[in-house]
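Here is a short, friendly tour for anyone meeting this structure for the first time. Have a look at it below, and then read on.

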Amino acid sequence: MLRVRPASLSLHSPSPSLFLRNPRAPFSVRMSSSAPSQIIEHVVLLKAKPSADPSAVNDMIRNLNGLATLDSVLHISAGPVSRCRSAALAFTHMLHSRYRSKSDLDSYTGDPVHVAVVAGYVKPVVDDVMAVDWVAEDFSGPVAVPPGAALRLTVMKVKDESVKGEVLGIARGMEGKFDAIEQLTAGENFSPERSKGFSIASIAVVKELEALGAVPEVVSEHLDDVVVLDYAVPASVPAAAARL
């Protein structure tokens, strides 16, 4: 049976230290004149090395957010996580970005600028990486997750492929059951080579980090493992100008 588990009400605020040197870096978005009916969600989870220099970690965040200049990117935001609940994984940072199509995501991944950022700023400071991608169908609402808002990423590993539909149905149904959720997408991961065996992911967007206390977590006897990650877009970061 699938059910939801109440989230912890003692959420920790994100560490501000990584943003002090580049206060304009952690949020970037490119808007179009019309919202897409579906988007591609792309999430990368990163674990910074304990020995990593804070300035190098800050440079990683700044350069990842700078990828908003690439034509294929609709929205991108990178920064430290507020909370990571996992039995075995301990991610410290997250990148969340959105694209109109899988081909646009491929263009982003293969772009020489992206490749250079990963090689020069990401790989030297992290010792673990995980990525999930999914199609957000019937997408509605803003493409950008605005400054001050927060999101909860849930990544699930099912015990049996036959229950994927049931798990997805529960994840997608949470949007209509909990008023705190402003926007929710969920789908099956289509990049298994980078996901450590996790096959379903969802993102729930709320107005502020504290509101995640009212959003329960999905738990099920059908799940082998779950990673739940909370991330806040810094309120002090101004929204980038829209590009039509």
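## Charges over rings

Start with lysine 102: its charged end sits over the ring of phenylalanine 190, 4.4 Å from the ring's centre. Lysine 157 lies over the face of phenylalanine 198, at 4.7 Å from the ring centre. (A charge sits over a ring if NZ of Lys or CZ of Arg is within 6 Å of the ring centre and within 35 degrees of the ring normal.)

Before going further, a word on the ground rules: this is a predicted model, where local features need pLDDT of at least 70 and side-chain atom pairs count only at pLDDT 80 or more, while totals for chains, interfaces and linings use all residues. Residues are numbered from 1 along each chain as its sequence is written, and side-chain values use heavy atoms, with hydrogens and water left out.

## A pair of tyrosines

How many aromatic pairs are there? The count comes to 1 (ring centres of Phe, Tyr or Trp, the last by its six-membered ring, within 6.5 Å; planes under 30 degrees apart are stacked, over 60 edge-to-face, the rest tilted). The rings of tyrosine 99 and tyrosine 108 have centres 5.2 Å apart and planes at 45°, so this pair is tilted. Both tyrosine 99 and tyrosine 108 are buried, where buried means under 20% relative accessible area, exposed over 50% and partly exposed in between, using a 1.4 Å probe and protein chains only.

## Strand E9 and a buried valine

Strand E9 covers residues 183-188, and 5 of its 6 residues are buried, so it is largely enclosed by the rest of the structure. (Strands are DSSP runs of E with at least two residues, numbered from the N terminus.) E9 and E10 run antiparallel, joined by 6 bridges; strands pair if DSSP finds at least two bridges between them. Threonine 185 stands opposite isoleucine 203 in E10.

Over in the loop between strand E7 (126-136) and E8 you'll find valine 145. Valine 145 counts as buried because its relative accessibility is 1%. Valine 145 and isoleucine 76 are 69 residues apart in sequence, yet 8.9 Å apart in space, C-alpha to C-alpha.

## The cavity

There is 1 cavity of 30 Å³ or more. (On a 1 Å grid over the protein atoms alone, a cavity is a set of points where a 1.4 Å probe fits but cannot get out; lining residues have an atom within 4 Å of a point.) The lining of the largest cavity includes Arg152, Met174 and Glu217. By class, that lining has 6 nonpolar, 2 polar and 2 charged residues.

Technical notes: 1 Å grid on protein atoms, 1.4 Å probe; cavity = no way out; pocket = protein on both sides within 12 Å on 5 of 7 lines; lining within 4 Å. Points joined across faces, edges and corners; volume = space filled by probe spheres on them. Nonpolar A, V, L, I, M, F, W, Y, C, P; charged D, E, K, R; others polar. Helix = DSSP H or I, 4+ residues; strand = E, 2+ residues; numbered from the N terminus.
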